[in-house]
Amino acid sequence: TMHKQFGVYPHALRDRSHPLLHGIDGNVGIPVSRHTTWKEEDFVGKDGIEVLLSSKKTGPALVWDPALRHAHMINHFEYDVDTLGGEYWRDVKQGTPTGETISVPFNYFPGDSPQNPPPHSWKAAGQNFYSNWVQTLLRGGDGRQRGR
């Protein structure tokens with residue numbers, strides 16, 4: 001993409017029953033920081049690959065490959081509360097490699113004011129995702145519990 005996708009973007013859950021999404025509410029905000037563009041059509045219908053989380057503005061965020069049992073988290077649930085702020089202040093100070101205008105991260109600082117401390121709005125959802133991911137690895141298969 002020409003401009004950096006940068007901020008906390010809302011993402012819709014595509015399959016609420018998937019084990020990777022247990023305990024995560026719909027329209028969860030997830031940090032995004034990248035210059036690349038991902039499109040759903042790059043994934044959908046390819047060898048059973050499923051897009052589990054997606055944003056209208058930034059595209060797929062979580063892709064599940066059932067054949068390989070791989071989860072691909074494209075965005076950044078792992079970010080600490082100050083990670084996007086650190087990137088923002090670094091770019092303000094040093095500029096960007098592309099020379100583009102530095103924008104305040106979308107939906108990150110309250111009131112779009114970098115003077116306001118950001119909330120860690122994605123923390124609980126991120127913890128749920130990583131816990132679910134470990135459980136999926138331990139269960140094997142597609143991560144769904146089955147009768148014994």
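A residue counts as buried when its relative accessible area is under 20%, as exposed when the value is over 50%, and as partly exposed in between. That cut-off serves throughout this report on a predicted model.

**Two residues against the cut-off**

Start with Pro 60, which lies in strand E4. Is Pro 60 buried or exposed? Its relative accessibility is 0%, so Pro 60 counts as buried. Beyond its neighbours within four places in sequence, Pro 60 has a list of contacts. Among them are Arg 34, Trp 38, Lys 39, Glu 40 and Phe 43. Val 51, Leu 53, Ser 54, Ile 74 and Asn 75 are also in contact with Pro 60. Pro 105 sits 45 residues from Pro 60 along the chain, and their C-alpha atoms are separated by 19 Å.

Thr 36 belongs to the loop between E2 and strand E3 (50-55). Its relative accessibility is 42%, so Thr 36 counts as partly exposed. Thr 36 and Gln 5 are 31 residues apart along the chain. The C-alpha atoms of these two are separated by 8.1 Å.

**Overall layout**

The protein has two helices and five strands. Their order along the sequence is β-β-β-β-β-α-α. The C-alpha trace spans about 55 × 30 × 20 Å along its principal axes. Of the 148 residues, 41% are buried. Among contacts with a separation of 6 or more, 61% join residues 24 or more positions apart.

The accessible surface is about 8600 Å². Carbon and sulfur atoms hold 52% of that surface. The protein carries 16 positive and 16 negative charges, and the mean positions of the two sets are 4 Å apart.

**The helices**

| Helix | Residues | Length | End-to-end C-alpha distance |
|---|---|---|---|
| H1 | 83-94 | 12 residues | 16 Å |
| H2 | 123-139 | 17 residues | 24 Å |

How far should H1 span at 1.5 Å a residue? The expected value is 16 Å, and the distance between its end C-alpha atoms agrees. For H2, the expected span is 24 Å, and the model comes close to it.

Which residues of H1 are buried? They are Leu 84, Gly 85, Glu 87, Tyr 88 and Asp 91. These residues lie on the same side of H1, because they cover an arc of only 160 degrees around the axis. In an α-helix there are 3.6 residues a turn, so residues three or four places apart point the same way. Strand E1 (5-13) and strand E2 (28-34) are included in what covers the buried residues of H1. The face turned away from the buried side carries the exposed residues Lys 93 and Gln 94. Gly 95 follows H1 and has a positive phi, near 80 degrees.

H2 has its own buried set: Ala 125, Gly 126, Phe 129, Asn 132 and Thr 136. Why do these residues share a side of H2? They cover an arc of only 125 degrees around the axis, which puts them on the same side of H2. Their cover includes E2, strand E4 (59-65) and strand E5 (70-73). Just after H2 comes Gly 140, with a positive phi of about 75 degrees.

**Where the pieces meet**

E2 appears in the cover of H1 and also in the cover of H2. E4 helps cover the buried residues of H2, and E4 is also the strand that holds Pro 60.

Definitions and conventions: Residues numbered from 1 in each chain as written. Predicted model: local features only at pLDDT ≥ 70, side-chain atom pairs only at ≥ 80, totals over all residues. Heavy atoms only, no water. Helix = DSSP H or I, 4+ residues; strand = E, 2+ residues; numbered from the N terminus. Buried < 20%, exposed > 50% of the residue type's maximum accessible area, 1.4 Å probe, protein only. Contact = heavy atoms within 4.5 Å. Areas by Shrake-Rupley, 256 points an atom, 1.4 Å probe, with all protein chains shown as cover. Lys, Arg positive; Asp, Glu negative; His and termini not counted. Charge placed at Lys NZ, Arg CZ, Asp CG, Glu CD. Expected span 1.5 Å × (residues − 1). Arc of directions from axis to C-beta.
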